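Subject: Structure for your review

Dear colleague,

Please find below the structure that I would like to hand over to you. A summary of what was found in it follows.

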Amino acid sequence: KIQLNGKRIGIRSKVTIYDLLKKFKFNNKKIAIEYNGIIIPKGNYRKKYLKNNDKLEVVQFIGGGWVEKRCF
């Protein structure tokens with residue numbers, strides 16, 4: 001299990017940040033990812049594998065400079 005935007009969710013093994021974003025239908029061009037307190041560059045989304053107890057915060061940018069944090 002990992003924590004995604006404050007909610008515990010179960011994931012299968014060998015899941016990358018990219019896989020998770022694809023599953024929840026995020027637009028990769030309009031988001032920022034904080035992984036265990038560190039901002040992850042977009043180029044690393046396919047390289048970073050998630051493990052038990054990881055914490056992800058996904059922030060989605062929307063028009064007018066507002067930021068939306070999706071809950072799951």
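Accessible areas come from the Shrake-Rupley method with a 1.4 Å probe. On that basis, the protein exposes about 5000 Å², and carbon and sulfur atoms supply 54% of this surface. Please keep in mind throughout that this is a predicted model.

Overall organisation

The protein contains one helix and six strands. Read from the N terminus, these elements follow the order β-β-α-β-β-β-β. Of its 72 residues, 31% count as buried. If one considers the contacts with a sequence separation of 6 or more, 53% of them are accounted for by residues 24 or more positions apart.

The nonpolar core

Which residues touch the most other members of the largest nonpolar core? They are Ile 17, Leu 20, Leu 21, Ile 33, Leu 50 and Leu 56, in a core of 17 residues. At least two residues of this core come from each of strand E1 (2-4), helix H1 (17-23), strand E3 (31-35) and strand E5. Leu 20 may serve as an example: when residues up to four places away in sequence are not counted, Leu 20 touches Ile 2, Leu 4, Ile 9, Ile 11, Val 15, Leu 50 and Leu 56.

The loop between E2 and H1

Two residues of this loop deserve your attention. Thr 16 is located between strand E2 (7-9) and H1. Is Thr 16 buried or exposed? Buried means under 20% relative accessible area, and Thr 16 is therefore buried, as its value is 5%. Apart from neighbours within four places in sequence, Thr 16 is in contact with Tyr 45, Arg 46, Lys 48, Tyr 49 and Leu 50. With Arg 46 in particular, the separation is 30 residues in sequence, while the C-alpha atoms are 5.7 Å apart in space.

Lys 14 lies in the loop between E2 and H1 as well. Lys 14 counts as exposed because its relative accessibility is 69%, and the cut-off for exposed is over 50%. Its phi is near 60°, which is a positive value in a residue other than glycine. For context, most residues other than glycine have a negative phi.

The loop between E4 and E5

Asp 54 is found in the loop between strand E4 (38-40) and strand E5 (55-61). With a relative accessibility of 2%, Asp 54 counts as buried. What does the side chain of Asp 54 make a polar contact with? The partner is the side chain of Asn 36, at 3.0 Å. Beyond neighbours within four places in sequence, Asp 54 is in contact with Lys 1, Ile 2, Gln 3, Tyr 35, Asn 36 and Tyr 49.

Asn 53 has its place in the loop between E4 and E5 too. This residue is partly exposed, because its relative accessible area is 48% and partly exposed covers the range between 20% and 50%. Asn 53 has a positive phi of about 70°, although it is not a glycine.

Aromatic rings

How many aromatic pairs does a search of the whole structure find? The result is zero. One ring nevertheless has a charged residue over its face: Arg 46 lies over Tyr 18, at 3.8 Å from the ring centre.

Yours sincerely,
A colleague

How values were computed:
Residues are numbered from 1 along each chain as its sequence is written. This is a predicted model: local features need pLDDT of at least 70, side-chain atom pairs count only at pLDDT 80 or more; totals for chains, interfaces and linings use all residues. Side-chain values use heavy atoms; hydrogens and water are left out. Rings of Phe, Tyr and Trp (its six-membered ring) pair if their centres lie within 6.5 Å; planes under 30 degrees apart count as stacked, over 60 as edge-to-face and the rest as tilted. A charge sits over a ring if NZ of Lys or CZ of Arg is within 6 Å of the ring centre and within 35 degrees of the ring normal. Helices (H or I, at least four residues) and strands (E, at least two) are DSSP runs, numbered from the N terminus. Buried means under 20% relative accessible area, exposed over 50%, partly exposed in between (1.4 Å probe, protein chains only). A polar contact is a pair of N or O atoms within 3.5 Å; within protein, one must be able to donate a hydrogen and the other to accept it, and residues adjacent in sequence count only if both atoms are side-chain atoms. Contact means heavy atoms within 4.5 Å. A nonpolar core is a set of buried Ala, Val, Leu, Ile, Met, Phe, Trp, Tyr and Cys residues joined through side-chain atoms within 4.5 Å.
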